[in-house]
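Grab a pencil and work through the exercises below with the model open beside you. Each one sets a task and then walks through a solution.

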Amino acid sequence: MTRMLESVTTSNELPSSTDVVIIGGGIVGVSAALALAERNIPVVLLEKGHIACEQSSRNLGWIRKTSRHAADVPMSLAADQLWANMPKRIGREVGYRQNGIMFLAPTEDALAVHESWLKSVDSLSLDSRLLSSAEIHQKVPGGKGQWAGAVYTPSDGYAEAAQAAPAIANAAISSGAVMVQNCAVRTLATSAGRVSGVVTEKGEIRCKQVLLAGGAWSRRFLGNHGVKLPTLPLICNVLRTKPMDGPTDIATGGPDFSFRKHQDGGYVITQRGGLDCPIVPDHLLIGMKYMDQLGPNRQLLRIKLGKPFFHDLSLGRSWKATDVSPFEKERVRDPEVNHGLNQEALANLRNAWPVFEKAEIAEAWSGWMDITPDSIPVIDHIKDIPGLTVATGFSGHGFGTGPAAGQLAADLVCGGSTIIDPAPYRFNRF
Ligand SMILES: Cc1cc2nc3c(=O)[nH]c(=O)nc-3n(C[C@H](O)[C@H](O)[C@H](O)COP(=O)(O)OP(=O)(O)OC[C@H]3O[C@@H](n4cnc5c(N)ncnc54)[C@H](O)[C@@H]3O)c2cc1C
């Protein structure tokens with residue numbers, strides 16, 4: 001994971017009871033904790049590793065409406081406002097900059113896909129628009145690539161992932177939330193047919209409601225309680241360069257690279273055309289649900305057979321509250337970095353913008369992501385287990401929407417009005 005991740009000082013003591021327990025200290029869990037604590041609702045967040053140890057510190061930091069499913073755009077619009085107001089709300093900056101996002105189209109066919117996305121969000125009054133090749137070269141000078149055009153959203157942006165979730169966690173703690181790290185939740189406790197607490201590796205906490213924000217572990221946690229959430233893992237590799245002069249502050253995505261300026265002056269780069277796909281038993285169990293999504297994206301996947309499959313099997317699928325759970329067996333998922341993919345990204349980027357010949361790698365990391373069959377998360381109550389709400393399955397684009405997703409989850413836990421219409425995020429759509 002990135003060396004830049006800020007650590008958070010949390011409690012060593014497990015309270016015996018609270019109103020709401022949140023499982024998972026990623027961007028979604030900490031945002032929900034902040035929203036609840038600000039409403040003076042007693043809340044305890046439990047994290048098996050440390051705050052933002054998985055997806056929420058490893059992402060690229062992009063905060064985008066561009067190319068998002070139309071149903072998911074209202075959440076990103078709500079998130080834009082929350083990001084803009086974040087320094088005031090939590091008392092510090094987290095590197096949020098509305099410098100725009102641009103996705104390049106190498107061919108007319110690729111440009112037609114952007115055009116069709118623009119039509120799909122026509123009623124949402126976004127500032128997204130198509131750019132000509134000349135406009136691309138004017139906005140991102142020094143390029144040698146040939147582009148049919150691009151889609152560009154000036155109000156999109158990015159923030160520093162290594163700071164955001166820790167800063168939000170600290171603000172939640174200041175507002176009264178209790179957080180405990182190195183504390184895996186093994187199972188839910190139920191009584192009279194509803195949630196009555198959680199059993200952790202350090203003991204039990206009684207509570208009225210549980211919010212599961214467990215990222216790519218949520219499927220396994222729910223499966224142990226007989227609830228089938230479809231998510232499959234994919235791994236994205238990232239590198240960060242040392243500070244350098246680059247062509248633009250606009251976050252720019254090509255077909256086989258992307259880059260965005262880090263606040264320290266370097267660039268955060270990935271191979272947009274390649275994701276590691278370690279085959280695990282879940283691919284055999286639910287892979288068919290992904291056929292629609294797979295079609296156009298098949299060439300993205302770098303399939304890996306072998307070790308991950310057997311490692312996944314060794315973690316186990318069912319356990320009791322007295323057993324050591326998978327979440328203790330693997331406290332932080334830290335996939336091996338695929339340096340080959342990172343080198344591809346850098347080579348492709350250098351071909352397109354030769355200024356990156358000067359790029360020197362400062363560090364590299366990778367992270368796994370929880371992908372649902374329609375790439376839209378689940379933020380909903382679980383009807384079969386009253387008292388349980390989930391906010392998970394963010395499908396590789398939940399950092400940007402994280403603050404709004406956490407707030408929506410907190411709203412659902414509280415009952416009453418919600419920050420946006422939760423309909424697109426219903427669990428029963430599967
Ligand atoms: C390399 C990479 C690049 C990405 N780029 C972007 C991007 O540019 N923009 C964007 O919007 N999104 C991006 N994403 C996706 C984004 O990071 C995620 O969608 C988002 O961080 C998900 O947040 P989360 O809180 O749901 O999950 P996580 O951050 O994974 O947090 C879940 C937490 O729950 C904990 N946990 C799980 N089970 C238990 C348990 N039983 N007990 C206690 N703790 C538990 C885990 O340890 C983990 O810390 C990227 C992801 C990756 C990996």
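**Exercise 1. Work out how H3 and H13 are oriented to each other.**

Step 1: get the angle. H3 and H13 pack at about 90°, and their axes are 8 Å apart. Axes here are lines fitted to C-alpha atoms, for helices over the stretch in contact, with angles from 0 to 180 degrees between N-to-C directions. Helices (H or I, at least four residues) and strands (E, at least two) are DSSP runs, numbered from the N terminus.

Step 2: classify it. Angles under 35 degrees count as roughly parallel, over 145 as roughly antiparallel, 65 to 115 as roughly perpendicular and the rest as oblique. H3 and H13 are therefore roughly perpendicular to each other.

Step 3: look at who meets whom, with contact meaning heavy atoms within 4.5 Å. On the H3 side you'll find Met-75, Ser-76, Ala-78, Ala-79, Leu-82, Trp-83, Met-86 and Arg-89, and they meet Phe-399, Gly-400, Thr-401, Pro-403, Ala-404, Ala-405 and Gln-407 in H13.

Step 4: sort that contact by type. The split is 10 nonpolar, 4 polar and 1 charged. For this count, Ala, Val, Leu, Ile, Met, Phe, Trp, Tyr, Cys and Pro are nonpolar, Asp, Glu, Lys and Arg are charged, and the others, Gly among them, are polar.

A word on the ground rules: this is a predicted model, where local features need pLDDT of at least 70 and side-chain atom pairs count only at pLDDT 80 or more, while totals for chains, interfaces and linings use all residues. Residues are numbered from 1 along each chain as its sequence is written, and side-chain values use heavy atoms, with hydrogens and water left out.

**Exercise 2. Lay out the sheet that contains E1, and find its edges.**

Step 1: write down the order. Six strands make an open sheet, E8-E2-E1-E12-E21-E20, with mixed pairing. Two strands pair if DSSP finds at least two bridges between them.

Step 2: find the edges. E8 (178–180) and E20 (378–381) each have a single partner strand, so one side of each is left without a neighbour in the sheet. On average, neighbouring strands are turned by 15° against each other, direction ignored.

Step 3: check some pairings. E1 and E2 run parallel over 4 bridges, with Ile-23 opposite Leu-46 in E2. E2 and E8 are parallel too, over 3 bridges, and Val-44 has Val-178 as its bridge partner in E8.

Step 4: add the helix. H13 packs on this sheet, touching E1, E12 (209–212), E20 and E21, and its direction makes about 10° with that of E20.

Step 5: pick out one residue. Thr-389 sits in E21 (residues 388–392) and is buried, with a relative accessible area of 0%. Buried means under 20% relative accessible area, exposed over 50%, partly exposed in between (1.4 Å probe, protein chains only). Among the residues Thr-389 touches are Val-210, Leu-211, His-381 and Leu-412.

**Exercise 3. Which residues touch the most other members of the largest nonpolar core?**

Step 1: define the set. A nonpolar core is a set of buried Ala, Val, Leu, Ile, Met, Phe, Trp, Tyr and Cys residues joined through side-chain atoms within 4.5 Å.

Step 2: name the hubs. They are Ile-22, Trp-83 and Ile-379, out of 54 residues.

Step 3: see where the members come from. Suppliers of at least two residues each include E1 (20–23), H1 (27–38), E2 (43–46), H3 (73–90), H6 (161–174) and H13 (398–414). H1 gives the most, with 9 residues.

Step 4: zoom in on Ile-22. Its contacts beyond four places in sequence include Ala-32, Leu-36, Val-44 and Leu-211. In E1, Val-20 and Ile-22 point one way, Val-21 and Ile-23 the other, and all are buried.

**Exercise 4. Describe the sheet that contains E10.**

Step 1: give the order. Three strands, E9-E10-E11, form an open sheet with antiparallel pairing.

Step 2: mark the edges. E9 (185–191) and E11 (203–206) each have a single partner strand, so each has one side without a neighbour in the sheet. Here the average turn between neighbouring strands is 30°, direction ignored.

Step 3: trace the hairpin. E10 and E11 form one with 2 residues between them, and 4 bridges join E10 (residues 194–200) to E11. Val-199 has Glu-204 as its bridge partner, and Gly-197 has Arg-206.
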